[in-house]
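Let's take a friendly walk through some backbone geometry that departs from the usual pattern. Please have the backbone torsions at hand as you read.

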Amino acid sequence: MQKTVIKNGLILKKTNDGYKTEKADITVVGNTISLETDTLIDNDTQIVDAKDKLIIPGLINLHTHFYMTAMRNFADDLAFDDWLFGKIMPAEDKLSDEFAYYSCLLGAMEMISTGTTCFMDMHMFKGQSCKATEESGMRAFIGRCVVGDDLYGERFKEALEEMEEYESNRIKFVLSPHAIYSCSTKLLQQVRDEAISRNMLKQIHASESANEIKKSIKVFGKRPIEYLADMGFLDDKTLLAHCVRVNDGEMDIIKAKGSSVVTNPASNMKLGNGFAPVPEMLSKGINVCLGTDSAASNNTLNMFREMGIFSLIHKGTHEDSTLLPSDTVIDTATINPARAVGMEGKLGEIRDGAIADLVLLDLNKISLFPHNNIVSSLSNSANGSEVCSVMVDGKWVMRNNEFLTIDKEKVLYEVDRLANKFLR
Ligand SMILES: [Zn+2]
């Protein structure tokens, strides 16, 4: 079995007193981390010197639409409804599988080069996200977006075929109804039943805009989270993207059901929707995770930028600089998402027996210098450019800033050609 020893690095560890850094060697056997001192080095062992490098668990971006990365800056500074119904949806109708595929690879390069190793996707193009994820070496939870009156149509068939073809160690699937305004009650109940019988995760956009709340009260006589709870949609395998406009009672419901919230602060602010009441959610004990949403609504997939924005908006709007300290912010991009997908202890942490999804950052980069508080620098100073090497599932996907799984020049060429054809 392939063995890699990463020597002389500084590793980020979660302790009972929060995050600490310590000098330690990491041995990776197959896809698993061992922190035991390993003297059994043979000819096949790869030795990597990580002097002046900080090693963190790979970041987890728990909400995005991978195929939309090449729609970056395609629709900026527009009102939410003009953005979605006027620009994004009409453009999506014309896009090709090829566009989606190269767009995903562009997204993979952006995520890998900024320290993200795992993401949750909701997509519209059968197989493209899976293919790009498989080739890039990333880890993902992927879902074919479903809408309409009845689950059992073409899109669900595509979802099942994808699962059949691509399910692997790195690629898992998640049932993905779009939202309560685009899916009927019947469809959502069918998703609920399928998720139970298949023991699968499910994700949905919920409570994103003021209009959605208004419509929900008008049509269902209740707020979105109440509506979802009443039909039995919410449980500990449910991920609620956004939750911008949830009230106190809805937060209590989310907590009681054990569902996770994925907050996407940059996307919510870009689209003028506000942002989720995260400090209140955290004080109620809700499992809050961080996502970027798509590059069409962000405009990046960079989790370091997201962590910085996330922390600052809540400090600023609450006029309380003690809110969302770096320990909490790091949790939302590592341990909390691991818990949300049922992989606590396996993902999002550097510990014995965890899966080797690792990111090396160059501690000599100016943005991290000097090292007064390295943990704090991760959410308050880093911008992703410090990432130099990335390992997913025990295999390097980037070494010394070179992509090992993706032909960068080819992807940039194809994305430019396809964006020119479909978007300009
Ligand atoms: Zn979304």
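Strands here are DSSP runs of E with at least two residues, numbered from the N terminus. In this predicted model, strand β1 covers residues 3-15, and N8 is found in it.

Let's begin with the background for the torsions. Most residues other than glycine have a negative phi, and most peptide bonds are trans. N8 goes the other way on phi: its value is near 65 degrees, positive in a residue other than glycine. How exposed or buried is N8? N8 has 13 other C-beta atoms within 10 Å, and because a residue counts as exposed at 12 or fewer and as buried at 20 or more, N8 is partly exposed.

Now move along to the loop between β13 and α11, where D293 is found. D293 is not a glycine, yet its phi is positive, at about 65 degrees. Its surroundings hold 29 C-beta neighbours inside 10 Å, so D293 counts as buried.

Stay in that loop for a peptide bond. N299 also has its place between β13, residues 287-290, and α11, residues 303-318. The bond that joins N298 and N299 is cis, with omega at about 20 degrees.

One more stop remains, in the loop between β14 (358-362) and α14 (374-380), where P370 lies. Which form does the peptide bond from F369 to P370 take, cis or trans? It is cis, and omega is near -5 degrees.

Terms used: Residues are numbered from 1 along each chain as its sequence is written. This is a predicted model: local features need pLDDT of at least 70, side-chain atom pairs count only at pLDDT 80 or more; totals for chains, interfaces and linings use all residues. Helices (H or I, at least four residues) and strands (E, at least two) are DSSP runs, numbered from the N terminus.
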